[in-house]
Amino acid sequence: MIGSPVAVQGSRHERATALTRAGMLAAVVIGLDQLTKHTVPNGISLDQERNFIPLVKLTNVHNNGVAFNFLSGGGAIVLAFTLVALALLVSFLVLRPQRRWLWVPTGLLLGGALGNLIDRIANGYVTDFIKLPHWPAFNVADMAITFGVIALLLVLEVGSRRGD
């Protein structure tokens, strides 16, 4: 029914626990992301590549868009989309804190998005430094976002089967 309040499931304790777990995971992702973005590219010139391990190179690339430079130069659009998506995700966690493992994808997605957002605000671009063959360069935040989306799909699928 339009205008009716959304039923919030779970206790205050469950919400606090889920949000704390997601926040701690997001903080770890942001910390690793920022540490690697400031450590690895400092020894590599812009657009240069160095062999790291077989099939993996380190590089220093500035990405002005989102994934694979999509929406390059769309700063306000990227910011607005990111903030809306994060707000929806956190709202979903708050409304369903009892959903098993939902805090994991939430933490990964929050950490990854905020890690890249920190770069966009501070530098006007995101630093990417991991390069695989036939794949655009990426960073730790991008990995967290990718694994976060996969984890979210798994949590939603398993939860729907269990009736969570």
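**Figure 1. Asp128, a buried residue without a salt bridge.** Asp128 is buried (under 20% relative accessible area with a 1.4 Å probe, protein chains only; exposed is over 50%, partly exposed in between). Asp128 has no salt bridge (a side-chain nitrogen of Lys or Arg within 4 Å of a carboxyl oxygen of Asp or Glu). Lys37, the nearest side chain of opposite charge, is 6.3 Å away; Lys and Arg count as positive, Asp and Glu as negative, and His and the chain ends are not counted. This is a predicted model in which local features need pLDDT of at least 70, side-chain atom pairs count only at pLDDT 80 or more, and totals for chains, interfaces and linings use all residues. Residues are numbered from 1 along each chain as its sequence is written, and side-chain values use heavy atoms, leaving out hydrogens and water.

**Figure 2. The salt-bridge network of Asp33, Lys37 and Asp119.** The side chain of Lys37 meets that of Asp33 (2.8 Å, N to O) and also that of Asp119 (2.8 Å, N to O). Asp119 in helix H3 (residues 103–123) and Lys37 in helix H1 are 82 residues apart, so this pair links distant parts of the chain; helices are DSSP runs of H or I, at least four residues, numbered from the N terminus. Relative accessibility is 0% for Asp33, 5% for Lys37 and 3% for Asp119, and each counts as buried.

**Figure 3. The salt bridge between Lys57 and Glu49.** The closest N and O atoms of this pair are 3.7 Å apart. Lys57 counts as partly exposed at 33% relative accessibility, and Glu49 counts as partly exposed at 40%.

Conventions: Helices (H or I, at least four residues) and strands (E, at least two) are DSSP runs, numbered from the N terminus.
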